[in-house]
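Dear colleague,

I am passing on a structure for you to look through, and my notes on it follow underneath. Please read them with the coordinates open beside you.

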Number of protein chains: 2
Amino acid sequence: MTGLRSAPEKVPARRRSGRAPTIHDVALAAGVSKSAVSLAIRNQRGVSEATREHILSVAQELGYRSNVWARSLVQGRTGLVGVLLQDLGNSYHRDLTFGVEDTAVENDLRLVIAHGRRDPHRMQAELDSLLALGVEGVVIVSSWVPPQSLERIGRRVPLVVVGRLPERVSGIDTVANHDELGAKLAVEHLVSLGHTRIAHLTGSSRPAAMHRRQAFSEIVRNLLPGIEPQIEGPEHLDAAIKYLIFQLQEEASAPTAVFTQNDRIAADLVGACLDAGLRIPEQLSVVGYDNSSVCRMLRPQLTSVDQPRTEMGRMALEMLLERIGGRIEDRHITIAPSLEVRASTAAPRNG
Amino acid sequence: MTGLRSAPEKVPARRRSGRAPTIHDVALAAGVSKSAVSLAIRNQRGVSEATREHILSVAQELGYRSNVWARSLVQGRTGLVGVLLQDLGNSYHRDLTFGVEDTAVENDLRLVIAHGRRDPHRMQAELDSLLALGVEGVVIVSSWVPPQSLERIGRRVPLVVVGRLPERVSGIDTVANHDELGAKLAVEHLVSLGHTRIAHLTGSSRPAAMHRRQAFSEIVRNLLPGIEPQIEGPEHLDAAIKYLIFQLQEEASAPTAVFTQNDRIAADLVGACLDAGLRIPEQLSVVGYDNSSVCRMLRPQLTSVDQPRTEMGRMALEMLLERIGGRIEDRHITIAPSLEVRASTAAPRNG
DNA sequence: GTGAAAGCGCTAACAA
DNA sequence: TTGTTAGCGCTTTCAC
């Protein structure tokens with residue numbers, strides 16, 4: 001305009017108004033070079049303290065924010081890690097995420113949460129989406145992603161699965177609950193109370209459920225020789241619950257305790273029992289799995305197997321970091337659960 | 001190596017092995033120019049059908065994935081929208097997110113979920129983090145972000161808050177539940193059953209809670225002239241519950257029904273009552289708020305005010321799109337809840 | 001219909 | 001200590 005600045009004005013006019021200020025704008029305003037600004041904002045040495053302060057104050061004034069995309073484009077890394085959750089509204093996933101988040105923050109990584117909505121297709125889509133975002137690794141809190149997908153994606157980016165996969169997948173790490181131990185804890189607790197007729201109620205034939213179920217059978221056979229373990233489900237869960245209630249009402253040989261695959265199923269069972277006029281734990285002891293927040297909301301409060309969720313999330317991200325750091329061999333960790341005893345279990349009436 | 005390709009080899013050697021294939025690699029392999037590849041993969045016209053197919057198959061073969069960062073760097077937009085959740089493990093947030101997700105997908109936007117962990121500081125940090133990622137807008141599912149932060153950030157990027165803010169903030173949109181109507185539905189239901197001594201149990205003095213509380217008082221005064229509305233809380237919630245139970249056990253003038261600020265508090269109350277040997281709904285009717293998943297797990301199942309959560313999420317993202325599309329004036333939407341009647345409410349014993 | 005060249009905002013290697 | 005230069009991978013004119 002004034003003609004005073006004779007140097008070719010390379011900055012398009014529109015930039016100064018509409019767009020966010022760039023490193024270039026800051027350099028111009030501060031009267032230094034782009035690289036000086038770059039060094040200053042990243043707190044790197046190479047600029048004098050005075051210059052840095054000046055640059056920073058100018059940047060502040062202009063409302064400058066560095067463009068992460070441009071930076072990661074040139075650096076070849078994004079500083080992003082993803083966590084793919086099977087289901088948002090659920091305290092198991094929440095607590096796990098806590099552990100992942102904490103560890104991510106401690107390691108200067110930004111966490112991007114994706115939501116699979118309990119839908120294998122969406123899960124796959126979200127996983128692709130995370131990759132497209134350029135995450136440097138993903139923690140998958142779900143065992144629903146098919147092994148071949150895991151293997152394929154695991155070749156591109158480090159992957160840690162929290163959960164029990166149907167099979168080992170080479171190239172990826174896993175953190176899993178020790179389902180066998182969980183079943184053992186539950187059954188031992190019930191046996192120690194004097195129960196002998198114990199049933200298992202399950203709603204799934206996925207690996208984790210199967211492990212609990214098999215461990216249940218085994219421990220029952222060990223601890224209660226001569227008694228055949230009773231299993232209900234996984235099909236027709238509603239019918240299974242109805243049948244259990246029928247047994248309790250009509251048959252002297254009905255189970256006196258039920259160990260369920262998870263808390264949700266336990267809650268359904270407890271609700272149905274109460275609706276049928278059965279008293280818990282007097283007429284039936286119930287043990288859940290997951291120690292979710294509903295355990296303390298129900299009456300009686302639910303005895304449940306507890307997984308150290310936050311700790312599992314933390315371990316998952318640590319394993320991911322190891323992978324990003326170059327570990328080659330696979331790691332598979334199994335975490336021991338514990339039993340949280342509450343009011344839904346007691347000695348059997350005629351024990 | 002062979003010296004046959006005499007043109008200066010500009011691609012560094014390391015790229016071809018370690019790094020992900022780029023548009024350049026695809027162009028080289030397909031024997032076309034970079035721009036041809038760019039057009040082909042974006043399905044733009046400008047390349048012949050044959051060329052496109054060829055390029056696509058080569059890209060597929062190489063396992064090419066376009067680099068979102070590079071693309072958005074040049075296009076000046078990221079196609080990202082953020083949703084900041086106050087709390088992950090919670091069906092209210094889950095269902096809201098469903099609505100947001102669906103609408104985002106329909107509009108070709110990628111959703112990035114951030115988690116505030118019920119901590120205002122983290123909430124603020126996550127919001128900054130989302131901005132740094134370059135989101136084009138954010139849906140904040142929380143009313144905990146301070147107005148001045150909202151205003152500041154709202155100047156950089158469109159913002160929609162789902163929840164009831166302590167004050168209007170210029171430049172941002174809101175989607176809120178019609179708390180007054182919710183309270184009205186609850187009280188009218190109880191009055192229609194014959195209740196006259198109705199208490200309100202609240203655990204917060206935040207705007208949404210206050211609106212419910214005030215609306216409660218008003219509707220009680222309208223419908224039951226001469227009766228002073230009884231309010232317990234928001235301080236010392238545990239003590240308030242104990243006091244209510246004391247009243248029920250000792251005083252003839254005890255309330256026969258309680259309307260609570262949310263389901264969690266209702267669950268606490270119901271649990272405490274059952275622990276004290278009180279029967280629900282015979283001795284006390286209880287109405288919750290949020291119609292969360294626990295309502296159907298409790299016994300008796302909980303009558304609760306239901307917010308159309310998925311719909312609210314959808315509206316929030318639609319409003320965000322309007323803003324991104326250029327709307328200037330603020331919009332504030334209030335959504336009508338409905339009442340889900342279940343077994344925790346009944347006519348009072350001596351009604 | 002296709003290719004060459006410029007440049008998005010930034011960093012990193014180098015030169016001054 | 002500072003400024004210059006050359007890209008990161010991609011899109012987008014603009015010639016051909």
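**The contact between the chains**

In this model, 48 residues of chain A are in contact with 48 residues of chain B. Please bear in mind throughout that the model is predicted. The area buried between chain A and chain B comes to about 4300 Å², and carbon and sulfur atoms give 57% of it. On the side of chain A, the residues Arg65(A), Trp69(A) and Met297(A) supply 18% of the area that this chain buries against chain B, which is more than any other three residues supply.

One residue of chain B that reaches across to chain A is Arg94(B), whose contacts, leaving aside residues up to four places away in sequence, are with Asp87(A), Leu88(A), Gly89(A) and His115(A). Arg94(B) sits in helix H6 of chain B, which covers residues 91-106. Is Arg94(B) buried or exposed? Its relative accessibility is 13%, and because the cut-off for a buried residue is under 20%, Arg94(B) counts as buried.

**The annotated span of chain A**

The unreviewed UniProt entry carries the annotation "domain: HTH lacI-type" for residues 21-75 of chain A. In the model, residues 21-75 of chain A are 69% helix and 0% strand, and the C-alpha atoms at the two ends of the span lie 21 Å apart.

**The sheet of chain A**

Chain A contains an open sheet of six strands with mixed pairing, in the order E7-E6-E8-E9-E10-E12. Strand E7 (230-232) and strand E12 (338-340) of chain A stand at its edges, and because each has a single partner strand, one side of each is left without a neighbour in the sheet. On average, and with direction ignored, neighbouring strands of this sheet are turned by 25 degrees against each other.

Towards the E12 edge, strand E10 of chain A (residues 303-306) runs antiparallel to E12(A) and is joined to it by three bridges, with Ser304(A) standing opposite Glu340(A) of E12(A). Helix H11 of chain A (residues 237-250) packs on the sheet, where it touches E6, E7 and E8 of chain A, and its direction makes about 135 degrees with that of E7(A). Helix H9 of chain A (residues 179-193) lies across strand E6 (198-201), strand E8 (257-260), strand E9 (285-289), E10 and E12 of chain A, and it runs at about 165 degrees to E9(A).

A residue of chain A that you may wish to look at is Ile265(A), which is placed in helix H12 of chain A (residues 263-275). Ile265(A) is buried, with a relative accessible area of 2%, and, not counting residues up to four places away in sequence, it touches Leu201(A), Thr202(A), Gly203(A), Leu237(A) and Thr260(A). Ser143(A), by comparison, is 122 residues apart from Ile265(A) in sequence, with 19 Å between their C-alpha atoms.

**The sheet of chain B**

In chain B there is an open sheet of six strands in the order E7-E6-E8-E9-E10-E12, with mixed pairing. Its edge strands are strand E7 (230-232) and strand E12 (338-340) of chain B, each of which pairs on one side only. The average turn between neighbouring strands of this sheet is 25 degrees, direction ignored.

Strand E9 of chain B (residues 285-289) pairs in the parallel sense with strand E8 of chain B (residues 257-260) over three bridges, and Phe259(B) stands opposite Val287(B) in E9(B). E9(B) also runs parallel to E10(B), again joined by three bridges, and here Gly288(B) stands opposite Ser304(B) in E10(B). E8(B), helix H12 of chain B (residues 263-275) and E9(B) make a right-handed β-α-β unit. Helix H9 of chain B (residues 179-193) lies across strand E6 (198-201), E8, E9, strand E10 (303-306) and E12 of chain B, and runs at about 165 degrees to E9(B).

Why is E9(B) described as largely enclosed by the rest of the structure? Five of the five residues of E9(B) are buried, so the strand is largely enclosed. Ser285(B), Val287(B) and Tyr289(B) point one way from E9(B), whereas Val286(B) and Gly288(B) point the other way, and all are buried.

With best wishes

Terms used:
Residues numbered from 1 in each chain as written. Chains lettered and ligands numbered in written order. Predicted model: local features only at pLDDT ≥ 70, side-chain atom pairs only at ≥ 80, totals over all residues. Heavy atoms only, no water. UniProt positions renumbered as here; feature names shortened; annotations may be inferred. Helix = DSSP H or I, 4+ residues; strand = E, 2+ residues; numbered from the N terminus. Pairing = 2+ DSSP bridges. Axes fitted to C-alpha atoms, helices over the stretch in contact; angles between N-to-C directions. Contact = heavy atoms within 4.5 Å. Buried < 20%, exposed > 50% of the residue type's maximum accessible area, 1.4 Å probe, protein only. Right-handed = clockwise from strand over helix to strand, strands pointing away. Buried area = accessible area lost by both parts, 1.4 Å probe.
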